[in-house]
Amino acid sequence: DSETSKYQIGHALLELGTRYLDVSELRRRSLVHSDLLAQRSGESVRVGVLRSSSALIVHHVFRPDNSLQILEVGTHRPLHATALGKVLLAHQPEILEDLVQPLVRLTQHTRIKKSEVLAELREVLEQGYALEREEAVLAEAGIAAPIFDHQGVVIGAIGINGAQGALFQRGVVHRRLNDLVTEAARSISRELLSGRLQAH
């Protein structure tokens with residue numbers, strides 16, 4: 001206030017605080033289901049949220065083997081080239097349409113035409129999950145599904161990443177792995193709903 005020289009919290013900080021609480025709750029509700037998904041699938045698990053024009057990793061469970069792995073919590077993944085990103089983008093496609101800069105080609109399999117990405121996002125909405133095949137990293141694939149809050153709004157996504165041959169067979173996703181991912185997403189969504197109901 002120019003007359004009193006006093007300050008008050010603006011809308012941006014309030015929104016930032018709300019986002020932190022949402023992410024904190026999402027991560028807390030995801031812990032058990034992410035661990036279980038990693039054990040059942042044998043692959044690494046990531047939980048991500050939409051942040052600007054990328055997917056922010058808020059939780060990461062290592063693949064349950066002895067291989068060298070790097071914790072990705074706090075890193076950003078491209079929306080157009082990852083299963084997590086596609087799930088988040090499918091529910092807010094206007095972000096893609098508003099992008100001024102061209103989409104980055106990460107491998108020879110990355111779709112960089114907006115029309116092609118939008119067509120794939122429509123498929124994601126129809127089938128309820130997203131797939132990634134060597135679009136961000138060569139020889140790596142992914143499966144992800146949306147996490148909904150108590151209002152039915154997508155607030156995050158959970159997915160697995162692994163070798164292309166482990167997740168796909170003859171170009172088709174392994175049904176068992178797909179079912180595990182979608183069930184984990186549904187379980188977290190149910191927990192978020194039940195937690196909201198208990199709070200009231």
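Me: Where does Leu71 sit?
Reply: Leu71 is in the loop between strand E2 (54-61) and strand E3 (76-78). Keep in mind that this is a predicted model.

Me: Is Leu71 buried or exposed there?
Reply: Exposed: the relative accessible area of Leu71 is 52%, and the cut-off for exposed is over 50%.

Me: Which residues make up the nonpolar patch on the surface?
Reply: The patch is formed by Phe62, Leu71 and Val73. Together they have about 260 Å² of accessible area.

Me: OK, new topic. What about helix H2, buried or exposed?
Reply: Buried. Eight of the eight residues of H2 (residues 83-90) are buried, so the helix is largely enclosed by the rest of the structure.

Me: Which residues are those?
Reply: They are Ala83, Leu84, Gly85, Lys86, Val87, Leu88, Leu89 and Ala90.

Me: There's a lysine in that list. What does the side chain of Lys86 meet in a salt bridge?
Reply: The side chain of Glu135, with N to O at 2.6 Å. Glu135 lies in the loop between strand E4 (130-133) and strand E5 (140-148) while Lys86 is in helix H2, so the pair ties together parts that are 49 residues apart in sequence.

Me: And is Glu135 buried or exposed?
Reply: Glu135 is buried, and Lys86 is too.

Me: How many salt bridges does the structure hold?
Reply: The structure holds 14. Another one of them joins the side chains of Glu191 and Arg29, at 3.6 Å from N to O. That pair links distant parts of the chain, with Glu191 in helix H6 (residues 175-199) and Arg29 in helix H1 (residues 11-41), 162 residues apart.

Me: How buried or exposed are those two, starting with Glu191?
Reply: Glu191 is partly exposed, at 28% relative accessible area. Arg29 comes out at 16%, and buried means under 20%, so Arg29 counts as buried.

Me: Which residues are in a salt-bridge network with Arg29 and Glu191?
Reply: Glu25 and Arg28. Salt bridges link Glu25, Arg28, Arg29 and Glu191 into a network.

Me: One last pair. What does Glu183 form a salt bridge with?
Reply: With Arg190, and the closest N and O atoms of the two are 3.0 Å apart.

Me: Are Glu183 and Arg190 buried or exposed?
Reply: In between. Glu183 is partly exposed at 30% relative accessibility, and Arg190 is also partly exposed, at 46%.

Methods
Residues numbered from 1 in each chain as written. Predicted model: local features only at pLDDT ≥ 70, side-chain atom pairs only at ≥ 80, totals over all residues. Heavy atoms only, no water. Buried < 20%, exposed > 50% of the residue type's maximum accessible area, 1.4 Å probe, protein only. Helix = DSSP H or I, 4+ residues; strand = E, 2+ residues; numbered from the N terminus. Salt bridge = Lys/Arg side-chain N within 4 Å of Asp/Glu carboxyl O. Patch = residues over 30% accessible without salt bridge, like charges linked within 9 Å, V, L, I, M, F, W, Y side chains within 5 Å. Areas by Shrake-Rupley, 256 points an atom, 1.4 Å probe, with all protein chains shown as cover.
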